[in-house]
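I opened this structure to learn my way around it. These are my notes, in the order I looked things up.

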Amino acid sequence: MKLKEIYSQFAISFEVFPPKAENKNLFEELKTLKSYNPAFISLTYSAGGSNNKSFELIKDIKNIGFDIMPHFTCISSSKSDVEDNLKGIEEINIDKILALRGDIPDDITLIKQDFHYANELVNFIREKTDLSIAVAGYPEGHIESPDIKTDIENLKRKVDAGADVIFTQLFFDNGKFYDFQEHVQNAGITIPIIAGIMPVISKKQINKMTSLAKISIPAKLQTALDDYDDLKSFGIDFATKQCDDLIKNGVCGLHFYTLNKSYSTAKILDNIRR
Ligand code: FAD
């Protein structure tokens, strides 16, 4: 189903990544997540990964009854790589994609120079395909961006190029999400903004995320990170409150960064459906 149709009402979705080893555990977790009726599963893209392997996984996820939105990054891809990928995606009847630039690789010789920013990829996908297109948004600004205003101007380029929906970076402070919504609206952007939620599981996980992106840690979460060894049940409670508040404030959709584990996401959904 196309993204516009999906977000004509509130929807939930789950992000997973291609496992390094075998896929068996991922499929066990997906079995649990299936009973929560996600609109689709999104599958992350690793620029160095093999396309064939990724297509196989997309097909396997589809075959167990999920709609799927593959992610795709362009910074290390030539136009012909991208065309091949898009063709492959359409051939297996996928109708949506998350269009990304990707992080600048440490080895700059891997940059192909055909695409510099995600708006160019969105433009290319619009020209070449009928896919519905999602893009990334950053409630606290992208890490390379000097300020939120510049980042929103760049987000607008992606929307003007034809994006249908914005998926946000994870955040822990809903206030940052509401401010972002306001900035986006003030920029004349009217497409749905889907909130990215990551259940807190461990201190290591949070340290990694906050070293890669601008993500504020509210005082209550910081206290838990400092004081608790086992953060799982705190994380479920924290994300439940976050989701309850977002739903109360009319969020268009929730996108869960599952890290290929169903337990916390399932508990959060049990809580918010109570
Ligand atoms: P862009 O939108 O191109 O923005 C990158 C930076 O350039 C920003 O600072 C922006 O303000 C600036 N900018 C944008 N356009 C212009 C322009 N025309 N001129 C000047 N400056 C500009 N990474 C992966 O490798 N694989 C994944 O599967 C993946 N999935 C993700 C899913 C979500 C929901 C999110 C939020 C991120 C994901 N990422 C993934 C991370 C993403 O690749 C990085 O954050 C990357 O650094 C930026 O990608 P982007 O598409 O947002 O880039």
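**Entry 1: a helix over two strands.** I began with helix 6, residues 148-160. Helix 6 lies across strand 5 (132-137) and strand 6 (165-170). I checked its direction against strand 5 and got about 175°. I note here that the model is predicted.

**Entry 2: the barrel.** Next I asked how the strands are arranged. I found a closed barrel of 8 strands, in the order 1-2-3-4-5-6-7-8. The pairing is parallel. From one strand to the next, the twist averages 25°.

I then followed part of the barrel strand by strand. Strand 2 (residues 40-43) and strand 3 (residues 68-73) run parallel and are joined by 3 bridges. I looked up L43 and found P70 of strand 3 as its bridge partner. Strand 3 is also joined to strand 4 by 3 bridges, and these two run parallel. Here H71 has L98 in strand 4 as its bridge partner.

**Entry 3: strand 4.** Is strand 4 buried or exposed? I counted 5 of the 5 residues of strand 4 (residues 96-100) as buried, so the strand is largely enclosed by the rest of the structure. I also checked which way the residues point. K96, L98 and L100 point one way, while I97 and A99 point the other way. All of them are buried.

**Entry 4: the cores.** I turned to the nonpolar residues. In soluble globular proteins, nonpolar side chains tend to be buried together. In this model the largest nonpolar core has 60 residues. I61, I166, L254 and F256 have the most contacts inside that core. A second, separate core has 15 residues, including L170, F172, M198 and V200.

I picked I166 for a closer look. I left aside its neighbours within four places in sequence. I166 is then in contact with V135, A136 and G137, and with L155 and V159. Its other contacts are V184, I189, I191, P192, I193 and I194.

**Entry 5: the ligand.** Which residues come nearest to the ligand? I found 24 residues around it, and R101, D103, Y138, D151 and K158 come nearest. I then looked up three polar distances to oxygen atoms of the ligand. For Y138, a polar side-chain atom lies 2.6 Å from a ligand oxygen. For H142, an N or O atom in the side chain is 2.8 Å from a ligand oxygen. For H71, a polar side-chain atom lies 2.9 Å from a ligand oxygen. I had already met H71 as the bridge partner of L98.

**Entry 6: two buried polar residues.** I went to D164, in the loop between helix 6 and strand 6. Its relative accessible area is 7%. The cut-off for buried is under 20%, so D164 counts as buried. The side chain of D164 makes a polar contact with the side chain of R126, at 3.1 Å. Leaving aside neighbours within four places in sequence, D164 is in contact with R126, and also with L3, K4, S132, I133, I191 and P192. I191 and P192 were also on my list for I166.

Then I looked at Q205, in helix 8 (residues 203-212). Q205 is buried too, with a relative accessible area of 10%. Its side chain reaches the backbone nitrogen of I201 at 2.6 Å. With neighbours within four places in sequence left aside, Q205 is in contact with M198, P199, V200 and L259. M198 and V200 belong to the second core.

**Entry 7: Q222.** I moved on to helix 9 (residues 219-227), where Q222 has its place. Q222 counts as partly exposed, because its relative accessibility is 33%. I also took a distance along the way. Q222 and L212 are 10 residues apart along the chain, and their C-alpha atoms are separated by 18 Å.

**Entry 8: positive phi in loops.** Last, I looked up backbone angles. N37 lies in the loop between helix 2 (24-34) and strand 2. Its phi is near 50°, a positive value in a residue other than glycine. N37 is exposed, with a relative accessible area of 63%. Q113 lies in the loop between strand 4 and helix 5 (118-128). Phi of Q113 is near 75°, which is positive as well, and this residue is not glycine either.

Conventions
Residues numbered from 1 in each chain as written. Predicted model: local features only at pLDDT ≥ 70, side-chain atom pairs only at ≥ 80, totals over all residues. Heavy atoms only, no water. Core = buried A, V, L, I, M, F, W, Y, C linked by side-chain atoms within 4.5 Å. Buried < 20%, exposed > 50% of the residue type's maximum accessible area, 1.4 Å probe, protein only. Contact = heavy atoms within 4.5 Å. Pairing = 2+ DSSP bridges. Helix = DSSP H or I, 4+ residues; strand = E, 2+ residues; numbered from the N terminus. Axes fitted to C-alpha atoms, helices over the stretch in contact; angles between N-to-C directions. Near = heavy atom within 4 Å. Polar contact = N/O pair within 3.5 Å; in protein donor to acceptor, adjacent residues only side chain to side chain.
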